[in-house]
Amino acid sequence: MSDMQIGELARRFAVAPSKIRFLEDQGLVQPVRRTQAGYREYDESSAEALSMILQAQSLGFTLDEIKGALAETKSHGLRRDYLIGQIARKLSELDRHIAQTQELRARLVCASKELKTRMKNGAKCDTGPAAMPPVRTSKPRPAQRGPRRIPAIAG
């Protein structure tokens, strides 16, 4: 395939040309040259890089993570063990997020059941914000003994 301009590359991957320019500004995608009129021209290696970046983003990798992987590849060549480690780390993050989401879901289901039960029993649903618990300090207060007395002022 011959060199292509940014619009053609954008259509090929169904992204806006501004996204390609942004990725270029980030140092992730580079045009092979500029025409005399200043148009960017990309080749097949640019298209492959864009494809990899878009795939990595679709898998939840951030641009910083992608930059790190590309830097690692430039300095040490394509290291599959590095990429496998990055994927394992991303899977671990995802598993943590799933567990937190499942816990939140269970709490919401419980709250919903509790409210439905209360409403069936004739209680009105309080839609106001929950009362804030008292703020605890690390220093315990001394116990009060009987009513507090105000000292008399001698006159």
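**Notes on the helices, the core and the largest pocket**

1. The buried residues of helix α1 (6–13) are covered by surroundings that include strand β1 (4–5), helix α2, strand β3 (40–42) and helix α3. This description, like every point below, concerns a predicted model.

2. Which residues of α1 are buried? They are I6, L9 and A10, and because they cover an arc of only 100° around the axis, they lie on the same side of α1. A general rule helps a newcomer here: an α-helix has 3.6 residues a turn, so residues three or four places apart point the same way. After α1 comes A14, which has a positive phi, near 55°.

3. The largest nonpolar core holds 18 residues, and those that touch the most other members are L9, I20, L23, Y42, L50 and I66. Helices α1, α2, α3 and α4 each supply at least two residues of this core, and α3 gives the most to it, with five residues. As background, nonpolar side chains in soluble globular proteins tend to be buried together.

4. L23 deserves a separate look, as one of the residues that touch the most other members of that core. When its neighbours within four places in sequence are left aside, L23 is in contact with L28, V29, L50, I53 and L63.

5. Helix α4 (residues 63–76) allows a simple check of its length: at 1.5 Å a residue, its 14 residues should span 20 Å, and since the end C-alpha atoms are 20 Å apart, the expected and modelled spans agree. Just after α4, G77 takes a positive phi of about 75°.

6. Which residues of α4 are buried, and what do they pack against? The buried ones are L63, E65, I66, A69 and E72, a list that includes two glutamates. The buried residues of α4 pack against α2 (17–25), α3 (44–58) and α5 (80–120).

7. The largest pocket encloses about 500 Å³ of space. Of the 20 residues that line this pocket, M52, A56, A69, L70 and L83 are the closest to its centre, and the elements that give two or more residues to the lining are α3, α4 and α5. Helix α4 gives the most to the lining, with six residues.

8. Read together, these points show α4 in several roles: its buried residues pack against α2, α3 and α5, it supplies at least two residues of the largest nonpolar core, and it gives the most to the lining of the largest pocket. A69 likewise appears twice, as a buried residue of α4 and among the residues closest to the centre of the pocket.

Technical notes:
Residues are numbered from 1 along each chain as its sequence is written. This is a predicted model: local features need pLDDT of at least 70, side-chain atom pairs count only at pLDDT 80 or more; totals for chains, interfaces and linings use all residues. Side-chain values use heavy atoms; hydrogens and water are left out. Helices (H or I, at least four residues) and strands (E, at least two) are DSSP runs, numbered from the N terminus. The expected span of a helix is 1.5 Å times one less than its number of residues. Buried means under 20% relative accessible area, exposed over 50%, partly exposed in between (1.4 Å probe, protein chains only). Contact means heavy atoms within 4.5 Å. A nonpolar core is a set of buried Ala, Val, Leu, Ile, Met, Phe, Trp, Tyr and Cys residues joined through side-chain atoms within 4.5 Å. The arc is that of the directions from the helix axis to the C-beta atoms. On a 1 Å grid over the protein atoms alone, a cavity is a set of points where a 1.4 Å probe fits but cannot get out, and a pocket is an open set with protein on both sides within 12 Å along at least five of seven lines; lining residues have an atom within 4 Å of a point. Grid points are joined across faces, edges and corners, and a volume is the space filled by probe spheres set on the points.
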